[in-house]
Amino acid sequence: MTELAKKRQQYRNIHPIADLPSYRMPAAAWTSILHRISGVIMFVLLPFIVWMLDRSLSSEISYDAFTAVFRAGIGFVPGWFFKLMVLALIWSYLHHFVAGLRHLWMDLSHSAVNKKFGRNSALTTIVIAVVLTVVLGAKLFGLY
Amino acid sequence: MSVNYGSKRTVVGAHYGLRDWLAQRGTAVIMTIFTIALLAQVIFSRGEIGYDLWAGIFASQWMKGLTFATLISLAWHVWVGMRNVWMDYAQPIVLRLTLQVLTLAWLAACTAWGFQVLWRM
C-alpha cells in the first residue's frame, strides 16, 4: 500500500447487539446461527449430561434415584425443570446433528453448493429438528 | 490494509484452520458411529429398559472403547467449536484467553469424569 492510499473504512469485529436486529436473515442464516447456539447449549449442559451418565450407570440404586429426579426433583428444583433441560438437549442435539450433516453434504458435493439447495436444506434441517423434538418431547413428558 | 502482524498479531489459536476443520468432521463421524451403536442397542433390545439393560450396554469392552473414543472426539470437537465462538465474539485479548482457558478446563474436567464413569462399573 502506498502512503497516498486513503484510509478505507474497515469492518473488523462483529457487533451483534448493534447490527443483528437490522438484518433480514434467510433460512440458511437461521440454520447456521442455531447450529452455533445448539452447540453452546450442549457445551454449557455438558456436566449435566455426564452427571446423567454417571447416575444412570453406577448402580441399580443410583439408577432408581436418577429416574426419580425427573419425577420428584432435587431439593427445591422440581422434576419438570430437569425434563425441560433434557428437552433443550434433545432439540440442541437434533438440530446440531442435522445441520452438521448438511455441512458435510455441502463439503462433499460441489453441486450442492447453490442458493436453492442452501434454502431447501436449511428449511428441512429446522423442520426435522423441531418435529423430532416434539415427538421425543411428548414421550419425555409422558404424553404417550 | 489491516495491521495483523508483529505486536498487533491477533492471537486466536486458529492458525491455518485446516487441521481443526478436518478434526471437526472426523470427530463428528466417530460420534455418529457411537450414536448409532447406542441407539441400535437400545431400540432393538428385548424387555424393559432398566438398569440391567443400560449398564449391560456399557459393560462390553468394544462399547467402552467406542465410548472412550467418543469422549475424546467430543472434547476436540467442542474445543474447536467454542474456540471459534470466542474468536468471533470476544475481542479483548485478556477476555478471550481467559474464556479459552476456562473452556479447556471445563472440557478436561467433563472428559475425565466421563472416563471415571466408564471404568467404574
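**Exercise 1.** Work out how many residues each chain puts into the contact between chain A and chain B, and which parts of chain B take part.

*Solution.* Start with the head count: chain B brings 21 residues to the contact and chain A brings 20 residues. Keep in mind that this is a predicted model.

Next, look at where the chain B residues come from. Four helices, α1 (18–43), α2 (51–57), α3 and α4 (93–120), each supply at least two residues of the side that touches chain A. The top contributor is α3(B), with 6 residues.

Last, sort that side of chain B by class: you get 14 nonpolar, 4 polar and 3 charged residues.

**Exercise 2.** Describe how helix α2 of chain A meets helix α3 of chain B.

*Solution.* To describe two packed helices, you want the angle between their axes and the distance between the axes.

Here, α2 of chain A covers residues 27–44 and α3 of chain B covers residues 61–89; their axes come within 10 Å and cross at roughly 115°. Now add the handedness: the crossing of α2(A) and α3(B) is left-handed.

Then find the residues that touch. From α2(A) they are A:Arg36, A:Gly39, A:Val40 and A:Phe43, and from α3(B) they are B:Val78, B:Gly81, B:Met82 and B:Val85. Sorted by class, this set holds 5 nonpolar, 2 polar and 1 charged residue.

**Exercise 3.** Decide whether chain A is spread out or a compact globule.

*Solution.* First, list the elements. Chain A has 6 helices and 0 strands, in the order α-α-α-α-α-α.

Now check the radius of gyration. For 144 residues the globule rule gives 15 Å, but chain A comes out at 21 Å, which is well over that, so chain A is more spread out than a compact globule.

You can round off the picture with the box around its C-alpha atoms, roughly 75 × 35 × 30 Å along the principal axes. As for burial, 14% of the 144 residues count as buried.

**Exercise 4.** Now try chain B: spread out or a compact globule?

*Solution.* Go through the steps again. Chain B has 4 helices and 0 strands, and its elements run α-α-α-α from the N terminus.

The radius of gyration of chain B is 19 Å, well over the 14 Å that the globule rule gives for 121 residues, so chain B too is more spread out than a compact globule.

Its C-alpha trace spans about 65 × 25 × 20 Å along the principal axes, and 12% of its 121 residues are buried.

Finally, check the contacts within chain B: of those with a separation of 6 or more, 72% link residues 24 or more positions apart.

How values were computed
Residues numbered from 1 in each chain as written. Chains lettered and ligands numbered in written order. Predicted model: local features only at pLDDT ≥ 70, side-chain atom pairs only at ≥ 80, totals over all residues. Axes fitted to C-alpha atoms, helices over the stretch in contact; angles between N-to-C directions. Left-handed = near helix turned anticlockwise from the far one by under 90°. Contact = placed C-beta atoms within 7 Å. Nonpolar A, V, L, I, M, F, W, Y, C, P; charged D, E, K, R; others polar. Rg over C-alpha atoms; globule rule 2.2 N^0.38 Å. Buried ≥ 20, exposed ≤ 12 C-beta atoms within 10 Å, placed from the backbone.
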